[in-house]
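Student: Hello! I am new to this structure, could you walk me through it?
Tutor: Gladly. Let us look at it together and take one question at a time.

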Amino acid sequence: MNNKVLGIIGGGQLGMFTCIAAKKKGVKTIVFSTEPQFSAQKFCDNFIISNFTNEKNIKTFFDSADYFTIETENIPISFLKRIKKKKILPSLNVIEITQNRLKEKIYLNSLSNIHTVKYSEINNYSDLEKSAKNFNFNCILKTQEFGYDGKGQFKINQENLNSFKTANLKNFILEEKINFKTEISIIAVGNSKHLVYYPPVENIHSNSILRETIFPARVNNSIKNKAMKNAETISKDLKLNGVLAIEMFVTNNDQILINELAPRPHNSGHWTIDSCKFSQFDNLVSVITKEKVNQPEPMKNCRMINIIGNDYLEFNEISSKYRAYDYFKTKVRPSRKMGHYMVFE
Ligand code: ADP
Ligand code: MG
């Protein structure tokens, strides 16, 4: 039993599963949520609903916990910097790189044997015009910050380019749109002394939202090994302390390109709750409390399927057949992740 308190910034489903894992270990939690109703509410010991500027609430939150973690990288760094003497995992340096797509791409390409898709920095229409031409008008415009589930992304082609003439294009990047063979991801968790890696899983997206994760990924061993090496290079270079999800594209000629990094538990790691002896959330809490981080020990092949938008209307039927998780969101919105379920093979 540990009587320290874990502060979690963000109370969505990732915060919710972190609270559940903390409770199993007897660690108390307090959630800082900008939303009045949030998934973690039922599972945390305490919470504060506030924006990132209310001094009184911020102070109460920072005074109420012994260590802190995040469930999203989209948090103002100025807010996180105020956690002075106490520990925040992962480190601010890792959050700063991963919350900005341009910084992240520059960082990844600076590492030896790590590659990404071709990209360019965009700050105005003339940048967009030039770069789109370079990428043969087959590209994706992305905001540098605050994107998730495909939000802040626009496919650019010769026909629609003109419509961006009047848009404010400051702080964007343009990526070449590639025809990948498969998308995979690896989750790393641990600290500078001991890192463990969850085996690669395959991710199926539609409209840029994760629909399904398949364990194990249907790729050959040589690709798996290359992917593991990439994950190791990045996690070690970042001196990871916490969880890092590494999203990758496998190209048609079996090259690995890193798509993006997330310094927190990841949707493509939800399969680890039911199919591994130690989930991404269990191990995150272990890193935070300085307990032993365990090898995942996958037990069974599986598919994790997201329940998105109106699919949620079938939740009762789904949960009568499958192991299903409700994220307790008060409103169903199109493209909103409402829950997930597991299919075991
Ligand atoms: P998000 O933060 O929304 O997850 P991503 O950059 O991972 O943003 O994009 C979401 C999905 O869109 C990816 O998983 C992939 O399926 C598709 N996608 C993103 N960038 C590219 C690209 N350059 N080429 C091809 N597909 C892409
Ligand atoms: Mg992504």
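Student: What distance separates the centres of domain 1 and domain 2?
Tutor: Keep in mind that this is a predicted model. The chain is divided into domain 1 (5-89), domain 2 (118-176) and domain 3 (180-299). Taken over C-alpha atoms, the centres of domain 1 and domain 2 are separated by 34 Å.

Student: Which order do the strands of the open five-stranded sheet have?
Tutor: Its strands pair in the parallel sense. The edges belong to β3 (46-49) and β5 (87-89), each of which pairs on one side only. From one strand to the next, the twist averages 20 degrees. Read across the sheet, the order is β3-β2-β1-β4-β5.

Student: In β4, which residue is the bridge partner of I8?
Tutor: Strand β1 (residues 5-9) and strand β4 (residues 67-70) pair in the parallel sense over four bridges. I8 has its bridge partner in β4, and that partner is T69.

Student: At about what angle does helix α9 run to β4?
Tutor: Two helices can be placed on these strands. Helix α2 (residues 55-64) lies across β1, β2 (28-33) and β3, at about 155 degrees to β3. Helix α9 (residues 280-288) lies across β1, β4 and β5, and its angle to β4 is about 145 degrees.

Student: Why is one side of β6 and of β8 left without a neighbour in the sheet?
Tutor: These strands belong to an open sheet of four, with antiparallel pairing and the order β6-β9-β7-β8. β6 (119-122) and β8 (153-156) stand at the edges of this sheet, so one side of each stays free of a neighbour there, as each has a single partner strand.

Student: In β8, which residue is the bridge partner of K142?
Tutor: Strand β7 (residues 139-143) pairs with β8 in the antiparallel sense, over four bridges. For K142, the bridge partner in β8 is Q153.

Student: Which strands does helix α6 lie across?
Tutor: Compare two helices here. Helix α5 (residues 101-110) lies across β6, β7 and β9 (172-176), at about 50 degrees to β9. Helix α6 (residues 125-134) runs at about 165 degrees to β6, and the strands it lies across are β6, β7, β8 and β9.

Student: Which residues come nearest to ligand 1?
Tutor: The shell draws at least three residues from each of domain 2 (118-176) and domain 3 (180-299). Its residues divide into four nonpolar, five polar and six charged. Of the 15 residues around ligand 1, the nearest are E175, K177, I178, H205 and S208.

How values were computed. Residues are numbered from 1 along each chain as its sequence is written. Chains are lettered from A and ligands numbered from 1 in the order in which they are written. This is a predicted model: local features need pLDDT of at least 70, side-chain atom pairs count only at pLDDT 80 or more; totals for chains, interfaces and linings use all residues. Two strands pair if DSSP finds at least two bridges between them. Two residues are in contact if their C-beta atoms, placed from the backbone, lie within 7 Å. Axes are lines fitted to C-alpha atoms, for helices over the stretch in contact, and angles run from 0 to 180 degrees between N-to-C directions. A residue is near a molecule or strand if its C-beta atom, placed from the backbone, lies within 6 Å of it. Ala, Val, Leu, Ile, Met, Phe, Trp, Tyr, Cys and Pro count as nonpolar, Asp, Glu, Lys and Arg as charged, and the others, Gly among them, as polar. Domain bounds come from an automatic or database domain assignment.
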